[in-house]
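Visitor: I've got a model open on my screen. Could you walk me through it?

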Amino acid sequence: MKYATQLLNKSSIKTRGLNWFALIPLLIFSIGFQIIPIISLISSSFSTKEGLSIENYQRAFTPHIAEAFRNSLKLSFTTAFLGVGLGLVVAYAIISTEKKFMKNALIALADVTTNFGGAPLAFAFIVTLGSTGVITLILKSMGVFLYPSFRIYSISGLAIAYLYFQLPLMIMLILPALQGLKKEWWEAAINMGANSMQFWARIGLPVLTPSLLSSFFILFANSFGAYATAWTLTGPDVNLITVQIASLIRGEVQLEIGLADALAVISLFIILFCVGGYLLLSTKAKRFRT
Amino acid sequence: MRMNKLLRSIVLAVFLLFMIVPLIATLLFSMSTRWDRTILPEGYTLEWWKTVISRGAFGLTLKNSFYISFATATALSILVTPTAYWVHIRMPKNKIIFEIMSAFSFGIPGVILALALIRFYSGVPLPLINTTNILLLACMELCFPFMYRPVANSLDSIDIHTLTEASQSLGGNWFATFIHIILPNILPGIASGFLLVFSTVFAEFTLTNLLVGARFKTFPIYLVEFTRFDGRQASALAIISFVVAWVVSTLLLLVSGKRALSPDNLTIGH
């Protein structure tokens with residue numbers, strides 16, 4: 001069966017060269033649009049007119065920029081934490097559903113809504129929780145006044161909107177892991193006298209831990225890199241790092257392109273750390289799946 | 001091991017409300033005469049829909065979005081499919097190149113990609129900066145794993161070695177084998193990739209906004225403009241975006257039997 005491969009893999013220098021020849025378009029694409037732009041971004045973040053320097057990074061620690069990082073980190077942590085916690089509970093409720101139709105419909109809903117991000121989503125939340133949004137009006141009629149103490153156009157409003165895509169994302173990420181919890185483990189634990197709490201504390205959660213952590217990383221990165229939803233919902237009002245970088249690109253703020261580079265490089269490291277954590281842990285998480 | 005029935009119903013009810021109320025509210029808002037004092041709209045009308053659809057910019061932005069989505073998906077399938085087959089059969093060790101490229105796409109959010117491209121290509125004498133060319137290439141970069149994953153899964157699920165061997169023993173060259181034997185067998189994978197790329201680019205806002213600005217208005221750009229001055233028409237546009245996303249994910253399910261979102265095709269940074 002592997003004869004063809006052997007035939008094709010005749011390792012003469014000529015065929016080797018030909019093999020790589022076929023990869024040229026792909027490699028040009030990768031080098032031209034991934035590697036070189038990112039390398040030049042990193043190198044220009046370390047350079048100023050006077051030469052190599054970390055001046056751009058020093059300028060990144062103005063109170064305004066520091067606040068942008070704090071806000072982005074806080075928003076990402078909150079929505080990732082809530083997304084993982086609530087998503088786990090909802091996913092567990094979904095797989096406990098007996099009716100197959102109901103179960104499939106819920107999974108389909110989670111699947112579609114993960115893609116409902118960006119501008120349309122932001123607008124849907126203005127209609128729902130804005131100052132004359134439907135939920136605001138319903139609460140008002142019951143004597144609960146959301147405004148002015150809450151505003152959808154604020155960072156906490158943004159957190160609610162982010163949860164709209166974080167929650168279904170978590171559900172889709174954790175469902176395979178939950179399905180991997182075998183009924184036999186439960187039965188064995190119960191037969192040996194464990195109660196439900198003990199099962200979760202000793203077996204369920206430890207098995208799920210790598211999946212939960214890797215999902216947390218993804219949700220964190222997902223929120224940290226988000227821009228379209230934030231910009232549509234709050235414009236420049238909420239000080240997030242992606243909003244800062246974007247306004248530097250558009251030249252709305254005095255043209256300080258070196259600063260934008262430094263901010264982008266710091267953000268990139270935060271995100272790549274998360275993606276690395278995700279990749280590492282998700283291989284670990286697959287251990288229990290058969 | 002199942003969740004308590006009462007608790008389960010409460011959890012699912014709250015979840016459904018959270019997911020569905022914004023959608024229904026947006027739909028009702030787009031059809032309401034006035035809705036800022038009462039719990040339900042004061043009256044219903046299709047006027048906003050008619051107004052928004054009859055605008056020239058509506059057709060134009062929709063066309064632009066279809067064009068860029070279609071172009072990205074087509075270009076990516078041409079770039080990825082033959083190369084993926086080649087690598088899978090002749091140099092399987094180099095699959096790692098695809099993995100690394102996917103990780104890159106996956107880890108670089110739109111804002112940073114846009115900045116990196118502008119910074120580098122503004123100094124290069126190529127017809128890229130401020131054109132749809134750079135948008136197309138940036139979208140390809142963003143969507144790379146969405147095309148590669150389904151194609152690679154399809155290649156893994158058929159026996160490409162036996163098929164290639166059979167074809168070659170009958171005198172087929174590499175090109176003929178790819179076109180007549182491999183391509184028909186991995187078509188569902190290519191179709192899934194195509195749809196995933198299409199729906200991602202169709203909803204793309206960040207790259208378009210930062211790379212081409214007002215020079216090439218897509219549907220999401222148009223929608224954001226509307227949110228600033230006419231809520232009812234913006235909500236009609238939002239509903240159209242949701243419907244497109246929903247139709248594509250339904251098609252995807254039909255084509256591949258798979259959900260759009262397997263952990264393999266994640267996108268980050270909405």
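**Chains, domains and one helix**

Guide: Sure: 71 residues of chain B are in contact with 79 residues of chain A, where contact puts C-beta atoms, placed from the backbone, within 7 Å. This is a predicted model, where local features need pLDDT of at least 70, side-chain atom pairs count only at pLDDT 80 or more, and totals for chains, interfaces and linings use all residues. Residues are numbered from 1 along each chain as its sequence is written, while chains are lettered from A and ligands numbered from 1 in the order in which they are written.

Visitor: Which helix gives the largest share of the side of chain B that touches chain A?
Guide: Helices here are DSSP runs (H or I, at least four residues), numbered from the N terminus. With 11 residues, the largest share comes from residues 5-30 of chain B, helix H1.

Visitor: What is the span of H1(B), first C-alpha to last?
Guide: H1(B) has 26 residues. The expected span, 1.5 Å times one less than the number of residues, is 38 Å for H1(B), and the helix comes close to that at 37 Å.

Visitor: Where does H1(B) kink?
Guide: The bend is the angle between axes fitted to the seven residues ending at a residue and the seven starting there. In H1(B) the kink is about 35°, shortly before the proline B:Pro22, and it lies at B:Ile20.

Visitor: How far apart are the centres of domain 1 and domain 2 of chain A?
Guide: The bounds, from an automatic or database domain assignment, are 15-45 for domain 1 and 58-119 + 151-288 for domain 2. Taken over C-alpha atoms, their centres are separated by 31 Å.

Conventions
Contact = placed C-beta atoms within 7 Å. Helix = DSSP H or I, 4+ residues; strand = E, 2+ residues; numbered from the N terminus.
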